[in-house]
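Colleague: Hey, can we go through the empty spaces in this one? I'm new to this, so plain words please.

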Amino acid sequence: MPADLLLPGVTATSVPTARLTQQVLHADDVDPSGGGEAVLFVHGNVSSAAFWQPQLLALDPRWRALAVDLRGYGGTDPLPVDARRGVRDWADDLGALLDALGLERVHLVGWSMGAGVVLQHLLDAPQRVASVVLVAPVSPYGFGGTVGHDGQPVHADGTGSGGGAANPDFVAALAAGDTSADAPTSPRSILRAFYVAPGSLPLDPVLEDVFVASMLTTRTGPDHYPGDATAVEAWPGTAPGERGVLNTMAPTVLDVSSIVDLPVKPPVLWVRGDADQIVSDTSAFDLAFLGSVGAVPGWPGDAEFPPQPMVTQTRAVLDRYAASGGRYREVLLPGVGHSPHVERPQEFTVALLEHLTHPALPPSNTPETPGPDDLLA
């Protein structure tokens, strides 16, 4: 991990595991291999554990807060991503990390793509998960190419999702290590326009530089971001490939909605912003929504290829989770985009601590909006 990515008080530790060597960030006074329970933060796409540093510093050491770099990001080994397994490469890596650190159970916090990884790990190793926090989570049915609250694929092959959905100029800027804001597709510009709600807050310049450097740790190419793609005749002309990041979230390989069938359901906290343009029912990164506003030519219309209702799909699954014996709480942050932990770190930490100490009891389908009194908790 480059030294300029670490905030004062944060340490990077390399952890050899049975699958690969993974980098874990933690506060200086936290022992990552202390056993027992911990809070493990899992970042999203085009980022790294560095985005969680304010939370690592804010939590009391008794929570043993750790943030892991997923393969292909940050300082973890850049092994290829086999998208035929959905997000299981990363979910299995998490399991290997828990084994290596001697962690019996964890509270898992997943952001965006990382939320899909967290839910996959919950499905595969439910006995190890004490609770779950979903931060602006990818839909349980993946990203792109589905319709309706139950995530039905528009096409059986996942057309409209996968590696071909990436903006090639953004991929090129990542590969070139572009730190400027000269183009709207530079990582810094994307951070300002989409990771946070435009105009919602001025990012601290030091933190912004850290976050941009974190984004630039993303490995690019067919085995990493965005992955390969398959050309098809149907609009928009691209279907998922079998390698790399975006293909892991194709609806052909990612469906974590079966969390509703778990016999033991850990409590869930769902935190999101109402100005999120990435995970949304009108996502600016969904080719179907872009087609509906004329940004991708040839859109066949709402009857044939409507935008994916991502938030609606998450709510439908969590409502079923609650109806079948689970518990969840939704916290909605007004004026916040795709990164609640970056844009409103204090509110986010308050909600997280409340979840850890007083998890949701009655199933709640009513979004909570923190008020001034909550900040004093």
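Colleague: How do the residues of the lining of the largest pocket divide into nonpolar, polar and charged?

Modeller: There are 22 nonpolar, 10 polar and one charged. Ala, Val, Leu, Ile, Met, Phe, Trp, Tyr, Cys and Pro count as nonpolar, Asp, Glu, Lys and Arg as charged, and the others, Gly among them, as polar. Bear in mind that this is a predicted model: local features need pLDDT of at least 70, side-chain atom pairs count only at pLDDT 80 or more, and totals for chains, interfaces and linings use all residues. Residues are numbered from 1 along each chain as its sequence is written, and side-chain values use heavy atoms, with hydrogens and water left out.

Colleague: What volume does the largest pocket have?

Modeller: About 710 Å³. On a 1 Å grid over the protein atoms alone, a pocket is an open set of points with protein on both sides within 12 Å along at least five of seven lines, and lining residues have an atom within 4 Å of a point.

Colleague: Which residues are closest to its centre?

Modeller: Phe143, Ala165, Tyr225, Ile278 and Phe285, out of 33 that line the pocket.

Colleague: And which helix gives the most to that lining?

Modeller: Helix 5, with three residues. Helices here are DSSP runs (H or I, at least four residues), numbered from the N terminus.

Colleague: New topic: how many cavities of 30 Å³ or more are there?

Modeller: One. A cavity is a set of points where a 1.4 Å probe fits but cannot get out.

Colleague: What lines the largest cavity?

Modeller: Leu119, Pro137 and Thr314 are among the lining residues, and helix 9 (residues 310-323) has the largest share, three residues.

Definitions and conventions: Points joined across faces, edges and corners; volume = space filled by probe spheres on them. Helix = DSSP H or I, 4+ residues; strand = E, 2+ residues; numbered from the N terminus.
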